[in-house]
Amino acid sequence: MPIIYTANATSTGGRDGRGKTDDGKLDVALSLPKEMGGDGKGANPEQLFAIGYSACYLGAVKFVAGNEKVTIAPDSAVTAHVGVGPREDGGGFGIAVTLDVKLPGLSKAQAEDITAKAHVVCPYSHAIKGNIAVKTNLI
């Protein structure tokens, strides 16, 4: 696979630390959520994953729609819900994702077709396929 872009980020301190990109565009304090015993004052990896996945998936929806000559409304949106918890095997933690997809102006059939095809195009969906449960809801 030829690489056309590489993001570079460094984290220090783990879940209670700091993460930043080498270009300075992103620099965030990190902390455990209160539900996991932290103070919840900083961002957490699940939030960052949710932002990345929701943006990337909406981009894939727009890409698929464009190829099919379907107009996506400017107020279309994807909300990613990323949950974290102990795995059933007891070996650590896992995540699960629900994507709430808002595509105003499209029929249910059109939206279902485009969102299914977007999972094939989206690098996040491709990377986690078979590893993370992903549910897609049309809202």
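How far apart are the mean positions of the positive and negative charges of the protein chain? They lie 3 Å apart. Each mean is taken over 14 charges, 14 positive and 14 negative. The model behind this value is predicted.

Start with the fold elements. The protein chain holds 3 helices and 6 strands. Read from the N terminus, the order is β-β-β-α-β-β-α-α-β. Three strands therefore precede a helix, by the element runs that DSSP assigns. Two strands follow that helix, then two helices, and a strand ends the series.

Next, the overall dimensions. The C-alpha trace spans about 45 × 40 × 30 Å along its principal axes. The accessible surface of the protein chain is about 9000 Å². Carbon and sulfur atoms account for 57% of that surface. Of the 139 residues, 30% count as buried, where buried means under 20% relative accessible area.

Now the contacts. Take those in the protein chain between residues at least 6 apart in sequence. Of these, 47% join residues at least 24 apart.

One strand pair can be followed in detail. Strand E4 covers residues 77–86, and strand E5 covers residues 93–102. The two run antiparallel, joined by 10 bridges. One pairing to locate in the model is that of valine 78, whose bridge partner in E5 is valine 101. E4 and E5 form a hairpin, with 6 residues between them. Glycine 90 sits in the turn, and its phi is positive, at about 75°. When viewing such strands, keep one pattern in mind: in a regular strand, side chains alternate between the two faces of the sheet.

Technical notes: Residues are numbered from 1 along each chain as its sequence is written. This is a predicted model: local features need pLDDT of at least 70, side-chain atom pairs count only at pLDDT 80 or more; totals for chains, interfaces and linings use all residues. Side-chain values use heavy atoms; hydrogens and water are left out. Helices (H or I, at least four residues) and strands (E, at least two) are DSSP runs, numbered from the N terminus. Buried means under 20% relative accessible area, exposed over 50%, partly exposed in between (1.4 Å probe, protein chains only). Contact means heavy atoms within 4.5 Å. Accessible areas come from the Shrake-Rupley method with a 1.4 Å probe; for residues, only the protein chains shown count as cover. Lys and Arg count as positive and Asp and Glu as negative; His and the chain ends are not counted. The place of a charge is taken as NZ of Lys, CZ of Arg, CG of Asp or CD of Glu. Two strands pair if DSSP finds at least two bridges between them.
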